[in-house]
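Subject: Structure for you to look at

Hi,

Here is the structure I promised, with the sequence alongside. Could you open it next to this email and follow along? My notes come straight after.

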Amino acid sequence: MSDQDDLIEVAPDTSVHRKLFTYLTADAADDYIAIMRLFTGTLLTDLSAAEVAAQLRDRGIVLEPDLAEERCRQLVVWGNLVRSVRETRVPTVAAYHRSRSRFQVSKLGGRLHREAEEILRAVDGVQEVARELLARIVDSLGQILQQAADRHRAPNPEALAGAVTSVFTDHRVFTESVTDFYAYLAGVLTRYDLASEEYAQFKDLLLDYVDLIGADVNRNAPEIRRRLLLLLELLDPVLENLPSAPALENDLVAVERLPGRTRMEWEQLAVWYGAGDVPSGPDQLRAAARQALGQLIINARRILTASGTGLSRRADLLKLASWFHTTDSDTAHRLYDAAFGCYPVRHLLIGPEEADASAGPGTSWWDSSPVDVPVSLRERGDRTPRGRNSRVPDPGADAEHLLERARRRNEARRAAAAELAAAGTLHRSRLSRAARELLLDKLSPLIAAVSLTDTVAEDRDHDLDLLLRARPAKGETVVINGDDGILTVHDVVLTALPLQATNWQSGERLPA
């Protein structure tokens with residue numbers, strides 16, 4: 001293997017660590033979080049499943065011992081808990097089996113849960129920036145430099161370690177708080193629903209706080225950078241005089257040292273305060289402030305502009321949401337229809353330009369002809385006529401069209417009635433689709449009359465010159481064939497005859 005291959009770093013396997021987060025999003029996340037709170041509440045908590053169930057019951061959470069055992073074992077699989085071995089004195093064998101499985105929180109499991117609890121307790125508002133820590137970093141660096149530069153007296157390892165830890169801890173807290181602050185501002189200033197009052201509050205917050213942060217950074221960052229550069233020249237004796245933990249350092253245990261114990265960490269800290277060629281942390285803070293102020297100006301222009309999205313509807317939407325929250329289901333449906341216009345689909349007439357004058361609000365969209373909606377009506381909701389006035393439509397053509405369509409419909413029904421009358425006894429007959437549809441229209445009242453009276457029932461249609469007769473007959477079946485299916489009617493005999501011939505044969509006089 002070459003020297004270049006020795007320099008290749010293999011990415012660590014983090015799949016085991018990712019399992020630690022599983023309990024926060026699992027199906028029984030509430031149970032797992034409650035159990036982890038028990039184990040992280042005090043130091044070195046050692047509990048059995050029965051004790052976990054009992055303590056949860058005291059907190060108002062009912063969890064059976066067997067289920068608590070299952071939950072604890074699952075947390076062991078994920079790495080949040082570890083099994084604990086402790087000598088127990090119990091009166092019975094059953095009690096021994098119940099108490100032999102004891103659990104403790106693991107190192108990473110406890111750290112993760114503490115972080116998770118901090119996030120769960122966090123509020124959505126802005127977090128205060130710990131800007132006073134910059135001055136503390138200056139003082140701590142001064143203490144370290146004073147001990148490192150004093151050649152007549154040996155450094156105090158404990159005081160030196162405290163100052164080093166204070167520098168890195170204060171820097172971490174400051175950077176995390178300022179990052180959260182600007183992340184909150186970015187989330188607020190990019191909202192398009194800011195009303196004038198909310199905008200004024202966030203404007204004052206941004207201007208005042210950014211000015212304070214900028215003043216502290218401009219005052220302390222150059223001094224921190226200067227002291228870090230001086231300290232890098234004296235860093236070797238400082239690192240040598242830091243106390244170590246020899247009892248923890250061996251080949252079996254991996255020791256995670258506190259920050260500030262290596263030269264690389266100090267060099268990275270100096271780079272953050274501007275000792276390198278890359279953009280420093282203070283430069284990034286100034287850029288973030290300029291970006292936030294620019295977004296503030298954009299929001300001000302949007303609010304002052306009458307067109308576009310300048311008007312906020314946030315208050316209206318919140319009021320509408322409160323109505324939905326306090327009303328019943330039926331009223332909520334009506335409120336939703338009224339607020340968002342979600343009414344049933346209707347065919348709205350737009351005037352004489354309609355392709356079909358007979359279409360109306362009751363006409364289905366499937367059956368009506370498409371309507372060309374003018375651009376002004378579709379885009380602007382404006383029906384103001386432009387250009388010269390159109391000619392007054394002549395209703396005579398529409399009336400002729402409707403009369404012609406009614407005449408064709410009557411002729412089709414008369415042809416279907418003539419087909420039924422020609423068939424006579426309908427059993428084993430073959431009918432067209434129009435004749436069968438006419439028969440089905442008249443069949444329901446005939447069947448109902450036969451079922452109620454158990455006598456012959458007739459349907460006389462003088463307009464179509466058709467007589468349909470249904471006679472009850474138990475066990476009989478009428479089968480009518482067609483091009484698109486077979487119609488079967490049970491327990492009746494169906495007959496179709498011309499009404500004129502039937503009246504002449506029976507001696508009846510037709511009405512004038």
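Before the helix pairs, one bit of vocabulary: each axis here is a line fitted to C-alpha atoms, for a helix over the stretch in contact, and angles between N-to-C directions run from 0 to 180 degrees. Please also keep in mind that this is a predicted model.

With that in hand, start at helix H4 (residues 29-40). It packs against helix H8 (residues 107-121) at an angle of about 115 degrees, and the two axes are 10 Å apart. Angles from 65 to 115 degrees count as roughly perpendicular, so H4 is roughly perpendicular to H8. From the H4 side, the contact uses Ile33, Met36, Arg37 and Thr40, while H8 brings Gly109, Gly110, His113, Glu117 and Leu120. Sorted by class, the residues of this contact are three nonpolar, four polar and two charged. As for handedness, H4 and H8 make a left-handed crossing.

H4 has another partner, helix H5 (residues 49-58), with an angle of about 100 degrees and axes 11 Å apart. That makes H4 roughly perpendicular to H5 as well. Here H4 offers Ala34, Ile35, Leu38 and Phe39, and they meet Val52, Gln55 and Leu56 of H5. The class count for this contact is six nonpolar, one polar and no charged residues.

Now jump along the chain to helix H18 (395-423). What angle does H18 make with helix H19 (residues 433-453)? The answer is about 85 degrees, with the axes 8 Å apart, so H18 is roughly perpendicular to H19. In H18 the residues involved are Arg413, Ala416, Ala417, Glu419 and Leu420, and in H19 they are Ala434, Ala435, Leu438, Leu439 and Asp441. This contact has seven nonpolar and three charged residues, and no polar ones.

While you are in that region, have a look at Arg428, in the loop between H18 and strand E4 (430-431). Arg428 is not a glycine, yet its phi is positive, at about 65 degrees. Is Arg428 buried or exposed? Its relative accessible area is 69%, so it counts as exposed, the cut-off for that being over 50%.

Asp465 has a positive phi too, about 55 degrees, and again the residue is not a glycine. You will find Asp465 in the loop between E5 and strand E6 (466-482). With a relative accessible area of 27%, Asp465 is partly exposed.

Strand E5 itself (residues 457-461) is worth a zoom, starting with Asp459. The side chain of Asp459 has a polar contact of 3.5 Å with the side chain of Lys442. Leaving aside residues up to four places away in sequence, Asp459 touches Lys442, Leu446, Leu466, Leu467 and Leu468.

Arg460 is in E5 as well. Its side chain makes a polar contact of 3.2 Å with the side chain of Glu458. Arg460 is partly exposed, at 36% relative accessible area. Arg460 and Leu499 sit 39 residues apart in sequence, but their C-alpha atoms are 7.1 Å apart in space.

Two more spots, both in helices. Leu239 is part of helix H12 (residues 235-241). Again not counting residues up to four places away in sequence, Leu239 touches Gly260, Arg261, Thr262, Arg263 and Trp266. For Leu239 and Arg263, the separation is 24 residues in sequence and 8.0 Å in space, C-alpha to C-alpha.

The other spot is Ser166, in helix H10 (residues 157-189). Ser166 has 16% relative accessibility and therefore counts as buried, the limit being under 20%. With the same sequence neighbours left out, up to four places away, Ser166 touches Arg136 and Ser140.

Finally, the whole-chain picture. How many helices and strands does the protein have? The secondary structure comes to 20 helices and seven strands. The protein has 512 residues, and 30% of them count as buried. Taking contacts between residues at least 6 apart in sequence, 62% join residues at least 24 apart.

Cheers

Note on methods:
Residues numbered from 1 in each chain as written. Predicted model: local features only at pLDDT ≥ 70, side-chain atom pairs only at ≥ 80, totals over all residues. Heavy atoms only, no water. Helix = DSSP H or I, 4+ residues; strand = E, 2+ residues; numbered from the N terminus. Parallel < 35°, antiparallel > 145°, perpendicular 65-115°, else oblique. Left-handed = near helix turned anticlockwise from the far one by under 90°. Contact = heavy atoms within 4.5 Å. Nonpolar A, V, L, I, M, F, W, Y, C, P; charged D, E, K, R; others polar. Polar contact = N/O pair within 3.5 Å; in protein donor to acceptor, adjacent residues only side chain to side chain. Buried < 20%, exposed > 50% of the residue type's maximum accessible area, 1.4 Å probe, protein only.
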